[in-house]
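User: Please take one part of this model and look at it closely, step by step. Afterwards, I would like to see how that part sits within the rest.

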Amino acid sequence: MSELHWMTAHVAAAAIANREISPIELVEALLDRIERLDPKLNAFIRVDAEAALREARAAEAEAAQRRSRGPLHGVPVGIKDIIDVSGLPTTCHSKIFENGVAATADAECVARLRAAGAIILGKLSTHEFALGGPSFDLPWPPARNPWNRDHHPGGSSSGSGSGLAAGFFPMALGTDTGGSVRNPASACAIVGTKPTYGVVSRRGVFPLAYTLDHVGPMTRTVADNALMLGVLAGHDPLDPASVQPPKSCDYVKTLEHGVRGLRIGFVRHFHETDMPADPEVAAGLDRVALTLRSEGADIIDVTLPALEDFSAVNRVILQSEAWSIHSEWLRNRPGDYGRLARRRLMSGAFIGAGDYVLASRQRSQMIGDVETALRKVDVLLCASSMDPPCRIDEPEEIERTYMRQARAPFNVTGHPALAMPAGLSRDGLPLSVQFVGRYFDEANLFRVARAWERAAGTDALHPSLAG
Amino acid sequence: MDERTAEAIARRAGLERALEAFPADVAAAASSASNVTDRVRRLSGTPSSEPWPPMVVVRK
């Protein structure tokens, strides 16, 4: 059996069910590791040790009676701190909510995890309001990258990525409006999925931009990601964007089916001409394509609209919708925001209604373009980040690389997208790849991701810093 | 977007406090917005392309 802190959710759930380990033993081991290592990484805003141990004792008592709440019985999870957990304040990593009152109910996604037996370990660092970071001018320090503490861990779900890579928990919740699940997945060598828009409820999650916001699972392995999404997916009548997935949400069943016969569209122009990627990132993407071809997939070049056009549409919509949420605070308390969030959120004040509608109309056309491409192929393969994660203390470099990504297109179109490791750079920093699927076809997305993971052994990548 | 236009829009949006305390941030926000809206305005489109999401009437 692997060390407890590197145990996957699948293995932990099976070991608890078989009485090989107790949830108390697992939670205590993770709390001990968090206490030792998190002061160097800042993945947590708040560790809720007391509640986690109480839940672990309850889970242990149930396991002793051969009772299980669900597929995550006794498995710990961390929650990004823009998502409500009953009894805890939701700070959004901001002075605006620094002394906020405790949430009175779980967000729907948290409630689903609890109902499946998961144990909440605490609330995780984020970029301020899921947008402004990494920042050093907030009430809590920014999360750091376990692969190299001097580098950023991606964001905005920064604590989720950092904590997973450090072995603090096997699962975390993130949110993704312009790539915020997939950015930390790319920077920390973990797996992050932005599901089809509407598949996971956003109720109880502090909004950034209503029509772009997604909640997604973050894990160290593809199988855990599939397991977690299966728990999270489903219709919520109280979320106006929620839909009933038309296909089965058992994403684990077809995981090991391989890629033989699948057609995979390689969107090369994103990283070759639109935003030329770091050579190691580009080489990593070629490696993924070659490997999947050798596993039996057809690799076909595919062309989509230019990456900068997707990014502009994403920004106009995001900044307009975010301004509608933050305008009162920005008028009255601008000094209570960190510099990055203040700048990014105020942009919405300078975008007119006509430009917002224009961007929304362009969005319809872009959806059509991606749909056309996905009629010819089963899954798309493309870059996620164009660069390995840069140093966290170089604001110019953060600013330069922040928009050098290919994640925002699929917030614009709502297609499911998964980011995962493509290896490590010569400097030992994570390289990444992104897969994109048809609407509601997360099963094929996981199938392709698992084929790459199995061939390359990316699930065995752990940083040495975490010990 | 020139400086005077940005300031006028910021005042109209009620950002006087930000203009006084963080003028560089207001200017950066205006510049960022200008860049992305310019790009969106240059994209081709047809009048028949409707905004997303479309209006949907649901019988309750």
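Analyst: Strand S7 (residues 263–266) of chain A runs parallel to strand S9 of chain A, and the two pair over 3 bridges, where pairing requires that DSSP finds at least two bridges between the strands. Helices (H or I, at least four residues) and strands (E, at least two) are DSSP runs, numbered from the N terminus. Residues are numbered from 1 along each chain as its sequence is written, while chains are lettered from A and ligands numbered from 1 in the order in which they are written. This is a predicted model, in which local features need pLDDT of at least 70 and side-chain atom pairs count only at pLDDT 80 or more, whereas totals for chains, interfaces and linings use all residues.

S9(A), which covers residues 379–382, has a second partner in strand S11 (residues 430–437) of chain A, this time in the antiparallel sense and over 4 bridges. Individual residues show how the strands line up: Leu381(A) has Phe266(A) opposite it, and Cys382(A) stands opposite Gln434(A) of S11(A).

The side chains of S9(A) come next. In a regular strand, side chains alternate between the two faces of the sheet. Here Val379(A) and Leu381(A) point one way, Leu380(A) and Cys382(A) point the other way, and all of them are buried. A residue is called buried if 20 or more other C-beta atoms lie within 10 Å of its own, exposed if 12 or fewer do, and partly exposed in between, with C-beta atoms placed from the backbone.

Val379(A) deserves a closer look. Residues are in contact if their C-beta atoms, placed from the backbone, lie within 7 Å, and, not counting residues up to four places away in sequence, Val379(A) touches Leu262(A), Ile264(A), Phe435(A), Val436(A), Gly437(A), Asn444(A), Leu445(A) and Val448(A). Val379(A) also belongs to the largest nonpolar core, a group of 162 residues in which Val77(A), Ile119(A), Val379(A), Phe435(A) and Val448(A) touch the most other members. The largest share of this core, 10 residues, comes from helix H10 (residues 307–332) of chain A. Such a core is a set of buried Ala, Val, Leu, Ile, Met, Phe, Trp, Tyr and Cys residues joined through C-beta atoms within 7 Å.

At the other end of S9(A), Cys382(A) lies 9.8 Å from Ala282(A), C-alpha to C-alpha, although 100 residues separate the two in sequence. Ala282(A) is found in helix H9 (residues 279–294) of chain A and counts as partly exposed because 17 other C-beta atoms lie within 10 Å. Leaving aside neighbours within four places in sequence, Ala282(A) is in contact with His271(A) and Ala277(A).

Helix H12 (353–376) of chain A takes us from the strand to the partner chain. Along with H10(A) and helix H11 (339–346) of chain A, H12(A) supplies at least two residues of the side of chain A that touches chain B, and H12(A) gives the most to that side, with 11 residues. Altogether, 31 residues of chain A are in contact with 31 residues of chain B. Thr372(A) also lies in H12(A), and Thr372(A) counts as exposed because it has 11 C-beta neighbours inside 10 Å. In sequence Thr372(A) is 68 residues from Leu304(A), yet in space they are 9.4 Å apart, C-alpha to C-alpha.

Finally, the whole chain provides the setting for S9(A). Chain A has 15 helices and 11 strands, and buried residues make up 61% of its 467 residues. Among the contacts in chain A with a separation of 6 or more, 77% join residues 24 or more positions apart. The C-alpha trace of chain A spans about 60 × 55 × 45 Å along its principal axes. Its radius of gyration is 20 Å, which agrees with the value near 23 Å for a compact globule of 467 residues; this radius is taken over C-alpha atoms, and the globule rule is 2.2 Å times the number of residues to the power 0.38. Chain B, by contrast, has 17 Å where a compact globule of 60 residues would have a radius of gyration near 10 Å, and its secondary structure comes to 3 helices and 0 strands. Of the 60 residues in chain B, 25% are buried.

Notes:
Contact = placed C-beta atoms within 7 Å.
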